[in-house]
Amino acid sequence: MKVSITFLILGLFILLLEANPGIKVKITQKALDYGNQFGVELVKQKLKEKTFEDWNGESTYGFFALNYAISKIRIDNMEFPDTSLSLISGTGIKLLVENASAIATADWSMETWLFKDSGSGAVFISGANLTAIVKVSQNIFGHLKLSLETCKGEVDDMDIKLNHSYRWLYAYSIASLVTSLCSMLATNLCQQVNFVIQKINKDFSQYPVQAHIDNFAVIDYSLINSSTILESSINLDLKGTVYSVEEITEPPFKPTPFVLLNENNSMFYIGISEYFLQSASVAYYTSGAFTISAEQEEMLASYFKLTTDALNSIIPTISHIYAKPLPVIMNLRIIDAPVISLHDNKSILEFSASMEVLAKMPNSTTESMFTLNITTRTHADLIIFNQKLLTTLCLNSFYISLAQSNVGFFEASLLDNFMSYILRIGIIPAANFKLKDGFPLPVLDQIILMKPSIRIYEGFLLISTDIQSLR
């Protein structure tokens, strides 16, 4: 059962990759050390809650046979003075438990042709040792797969103390069975390890490698390469591609290779590539997430409360066409998936839009005045909060050009101040409002990230973090 904690740690970021991955995950020895410490306490808790099978047997002594049973076995206390989890390069994980001990209470009964009796007693187990090697690989569906390569369990001694009138006879008879009982318990230790491994593999296989992020996108986090086991870390390559919920098609670009830093100070390192972020941008654009609704356009128009006379000083012909001031409506449309690029210490997002400016006539119809093409360049501030990657856009620069006009030709650059105001006060805040929910990180329930940090490099961003279990 102790091994399950290791696999919980291994599975932590799998619920998020010879192709290049979109996401890389590195699990360090520090994570295994935490899993070891956390696992000891969890095993103690689980063993105290566990119901054990009864022990039954028969022994023959001279002219009489003794039937015995030990039932209702309850673990009262246990100690694991020396346990460790370590990595074997190229293979997997080594679990080592030495000199473990336990105290249990149990009910007992015995029967011979002379008498039968029952009572209660204590079982003292000492010198329990376990060495197991667990191989880390993947199955054909891209799930993580664990297999027990070797396992050896030993139990040095077991002492049973009874508290009844015939305890001397029962103690005498059971003494000859201690060796076989220790052997049975030692074998059971490896059986329990293998049982836990099979259960975890079943859980992994039932978890879909593709999962919906929201109503717009689905992410593929299947393993695409066999895990790389080094002496100091386990390295996992995840596909890390985001698709539109409407159609699962590969993006028109390929992931480029990137290498995580040779650091082991944190428990986990997650490398998120530019490819992953760009595939998300394409998926959300294809699914219509960037579409601005009529209600949002109406809110934008009512927020600025523009009229045609506000544009007269820039485009004089408007005053000739519309003698009386009329309300102005702005229809904004994103015309392509935003382009995301990562560079040392900065992330850039560029998007292209088309904005049609219309006059609202007294009869509630509209007339198009002109259409602008807008290219905007922003930088993105990234933070991790409440297990999510949050993005805030800040305007760097923009460029506008005149696409079409029904009010005569004019220099689009004359609208620079106007567009700067619209972008900074209206459009960028509206985009940040859409981004406020953030991108959920693949973190298991009851696990929180501790002091996560983000660094941006050329082509990828790196999240380094420790974890803490709430269980």
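The questions and answers below concern a predicted model and take up its disulfide, its nonpolar cores, one of its strands and one asparagine.

User: Which two cysteines form the disulfide, and which parts of the structure does the pair tie together?

Analyst: Searching the whole structure gives 1 disulfide, and the sulfur atoms of its two cysteines are 2.2 Å apart. One partner lies in strand 7 (residues 144-162) and the other in helix 4, so the pair ties together parts that are 39 residues apart in sequence. The cysteines in question are Cys151, in the strand, and Cys190, in the helix.

User: What is the handedness of the disulfide between Cys151 and Cys190?

Analyst: The sign of the torsion about the S-S bond decides this, and for Cys151 and Cys190 that torsion is about -90 degrees, so the disulfide is left-handed.  As for their surroundings, Cys151 counts as partly exposed at 25% relative accessibility, whereas Cys190 counts as buried at 14%. The handedness asked for is therefore left-handed.

User: Which helix gives the largest share of the largest nonpolar core?

Analyst: The largest nonpolar core has 114 residues, and Met158, Met369 and Phe370 are those with the most contacts inside it. The largest share of this core amounts to 11 residues, and these come from helix 4 (residues 178-206).

User: How many residues are in the second, separate core?

Analyst: This core stands apart from the largest one, and Phe258, Leu260, Tyr269 and Phe460 are among its members. Its residue count is 5.

User: Is strand 21 largely enclosed by the rest of the structure or largely open, and how many of its residues are buried?

Analyst: Strand 21 (residues 460-469) pairs in the antiparallel sense with strand 13 (residues 268-273) over 6 bridges, and also with strand 20 (residues 447-457), again in the antiparallel sense, over 9 bridges. Within these pairings, Phe268 stands opposite Thr465, while Ile456 has Leu461 as its bridge partner. Strand 21 is largely enclosed by the rest of the structure, because the number of its 10 residues that are buried is 9.

User: Which residue in the turn between strand 20 and strand 21 has a positive phi?

Analyst: Strand 20 and strand 21 form a hairpin, with 2 residues between them. The phi in question is about 90 degrees, and the residue in the turn that has it is Gly459.

User: Which backbone oxygen does the side chain of Asn129 reach?

Analyst: Asn129 lies in strand 6 (residues 116-138) and has a relative accessible area of 16%, under the 20% cut-off, so it is buried. Beyond its sequence neighbours, Asn129 touches several residues, including Val97, Lys152 and Leu189. At 3.0 Å, its side chain reaches the backbone oxygen of Gly127.

Methods
Residues numbered from 1 in each chain as written. Predicted model: local features only at pLDDT ≥ 70, side-chain atom pairs only at ≥ 80, totals over all residues. Heavy atoms only, no water. Helix = DSSP H or I, 4+ residues; strand = E, 2+ residues; numbered from the N terminus. Buried < 20%, exposed > 50% of the residue type's maximum accessible area, 1.4 Å probe, protein only. Polar contact = N/O pair within 3.5 Å; in protein donor to acceptor, adjacent residues only side chain to side chain. Contact = heavy atoms within 4.5 Å. Core = buried A, V, L, I, M, F, W, Y, C linked by side-chain atoms within 4.5 Å. Pairing = 2+ DSSP bridges. Disulfide = S-S within 2.5 Å. Lists of a residue's contacts leave out its neighbours within four places in sequence.
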